[in-house]
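Me: I should like to learn how to read the features of a protein model. Please take me through one.

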Amino acid sequence: RLSNLCPTDVIAEERETMTNPGVLFLVAASAAAAAAATFSPAAAFSPAPAFGTRSAPALAAPASPLSVSADDVEVDPSDYDLALFSPCKINLFLRIIRKRPDGFHDLASLFQTVGFGDTLYLTKLPDDEDDDDDDAVAKTSDGDKFECNMEGVPTDRTNLVLRALDLVREKTGNADARFEANLVKRVPAQAGLGGGSGNAAAAMHGANELLGRPATHEQLVEWSADLGSDITFFLSHGTAYCTGRGEIMTPINAPFDFTGETKLTIVKPDIGLSTPAVFGALDYDALSDEDPEELLSRFLEYGVDAGGDDAYVNDLEQPAFDCLPELRKLKEELLEVKGFDHVMMSGSGTSIFCMGEPDDEAGFMKEFGDREGLSVFPTEFISREKGVGCWFEER
């Protein structure tokens with residue numbers, strides 16, 4: 001069995017490249033559709049009950065539920081070669097700069113990984129293994145096996161995990177290699193947390209390990225452009241400034257505490273929003289006039305405090321809150337919780353993150369954790385900086 005840890009030489013190699021703020025990773029935007037300017041009714045979701053007392057609008061829908069809770073999934077790690085932790089991210093600020101002539105948007109955002117995530121179990125199948133009749137594991141057209149505990153997650157080749165395996169096979173010349181993957185999801189869909197992109201990055205790393213590391217870390221970063229910019233971010237050290245359409249990633253050495261002391265709580269309604277619908281409801285006159293470079297400098301100077309709450313800007317809150325007024329009400333409730341220093345929606349929603357810890361944790365969990373239609377995930381900032389380890393290790 002292979003070690004679940006990132007190899008030392010890969011970490012050292014990554015440090016040299018990824019911690020240089022001058023290094024830009026120019027990649028194709030995975031969030032291209034997320035930056036689309038025109039809302040199409042076909043892209044919206046069907047009506048569904050909201051987490052409040054009123055009905056949700058037609059562009060809202062329940063996010064994919066866990067058909068089997070991650071805590072209830074029984075996986076024997078010895079059945080797999082690797083157990084890979086796949087984190088999610090939050091946007092510490094997200095500015096929409098302008099609508100482009102091509103219909104996309106220029107944006108600027110500070111991405112940060114957190115210690116809440118999924119687990120990807122991965123093994124390389126023997127070349128001579130015969131297919132069995134295990135109905136719980138989907139067989140793909142290329143002979144891979146894939147299963148996931150979250151209802152609604154595709155198990156065909158549209159899944160980013162399987163596309164990542166295909167990409168590594170293609171780029172390394174290992175077309176005959178087959179894999180078995182078991183994705184244990186904790187990160188909800190339609191949350192603005194990048195869970196699927198993190199899964200793809202873990203799959204790329206894992207496949208490369210199981211094939212004997214035919215690719216360097218820099219090559220994985222370059223190839224990930226074929227799948228999307230968010231995936232490239234999850235191959236970084238965990239803090240990055242994103243610009244352009246989302247395709248330019250600049251690694252950032254921010255003065256954040258990655259020893260587990262930078263606490264936050266993610267609150268996710270069970271309702272989700274269509275990202276194109278959120279962009280379609282964007283009021284350009286309501287956009288912040290804060291300079292994103294100035295916002296970045298404040299986080300670099302002051303850390304997570306950023307010199308004040310006004311550094312936490314998300315231009316997509318307005319359209320998301322207009323689409324789902326219950327989400328605005330939820331944020332207002334969370335702002336009243338003592339112990340939270342900053343409260344903001346991540347990405348296009350619908351998750352809201354709260355920096356800090358509630359003074360009355362039991363009371364907070366009774367009010368929010370036990371509320372029907374809400375999920376609460378306490379977590380912390382993490383990084384792949386030297387000496388801290390690597391998030392592809394199972395946590």
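The dialogue below moves from the whole chain to its strands, helices and cores.

Me: What kind of model is this, and how are its residues numbered?

Reply: This is a predicted model, in which local features need pLDDT of at least 70 and side-chain atom pairs count only at pLDDT 80 or more, while totals for chains, interfaces and linings use all residues. Residues are numbered from 1 along each chain as its sequence is written, and side-chain values use heavy atoms, leaving out hydrogens and water.

Me: How many helices and strands does the chain have?

Reply: Helices (H or I, at least four residues) and strands (E, at least two) are DSSP runs, numbered from the N terminus. The chain has 10 helices and 14 strands. Of its 395 residues, 57% count as buried; buried means under 20% relative accessible area, exposed over 50%, and partly exposed in between, with a 1.4 Å probe and protein chains only.

Me: How does one read a sheet, and what is the strand order in the open sheet of 4 strands?

Reply: Two strands pair if DSSP finds at least two bridges between them. Here the order is β12-β13-β10-β14, with antiparallel pairing. Strands β12 (340-345) and β14 (374-380) stand at the edges with a single partner strand each, so one side of each has no neighbour in the sheet. On average, neighbouring strands of this sheet are turned by 20° against each other, direction ignored. Such angles run from 0 to 180 degrees between N-to-C directions, and axes are lines fitted to C-alpha atoms, for helices over the stretch in contact. Within the sheet, β10 (residues 263-269) and β13 (residues 352-356) pair over 4 bridges, and Leu264 stands opposite Met355 in β13.

Me: Which helices pack on this sheet?

Reply: Contact means heavy atoms within 4.5 Å. Helix α9 (residues 325-335) touches β10, β12, β13 and β14, and its direction makes about 170° with that of β12. Helix α10 (residues 361-369) touches β10, β12 and β14, at about 140° to the direction of β14.

Me: What do β3 and β4 form?

Reply: They form a hairpin with 5 residues between them, and Gly103 in the turn has a positive phi of about 95°. The strands run antiparallel, joined by 16 bridges, and Cys88 stands opposite Val114 in β4. Of the 18 residues of β3, 15 are buried.

Me: How does one read a helix such as α2, and which of its residues are buried?

Reply: An α-helix has 3.6 residues a turn, so residues three or four places apart point the same way. In α2 (residues 160-172), the buried residues include Val161, Leu165 and Val168. What covers the buried residues includes β4 and α3. Asn159 caps the N-terminal end, with a side-chain oxygen 2.8 Å from the backbone nitrogen of Val161. Gly173 follows α2 and has a positive phi, near 75°.

Me: Which residues have the most contacts inside the largest nonpolar core?

Reply: A nonpolar core is a set of buried Ala, Val, Leu, Ile, Met, Phe, Trp, Tyr and Cys residues joined through side-chain atoms within 4.5 Å. The largest has 71 residues, and Met204 and Leu334 have the most contacts inside it. Helix α3 gives the most to this core, with 7 residues. Of the 16 residues of α3, 15 are buried. Leaving aside neighbours within four places in sequence, Leu334 is in contact with residues including Val267, Phe340 and Phe368.

How values were computed: The expected span of a helix is 1.5 Å times one less than its number of residues. A polar contact is a pair of N or O atoms within 3.5 Å; within protein, one must be able to donate a hydrogen and the other to accept it, and residues adjacent in sequence count only if both atoms are side-chain atoms.
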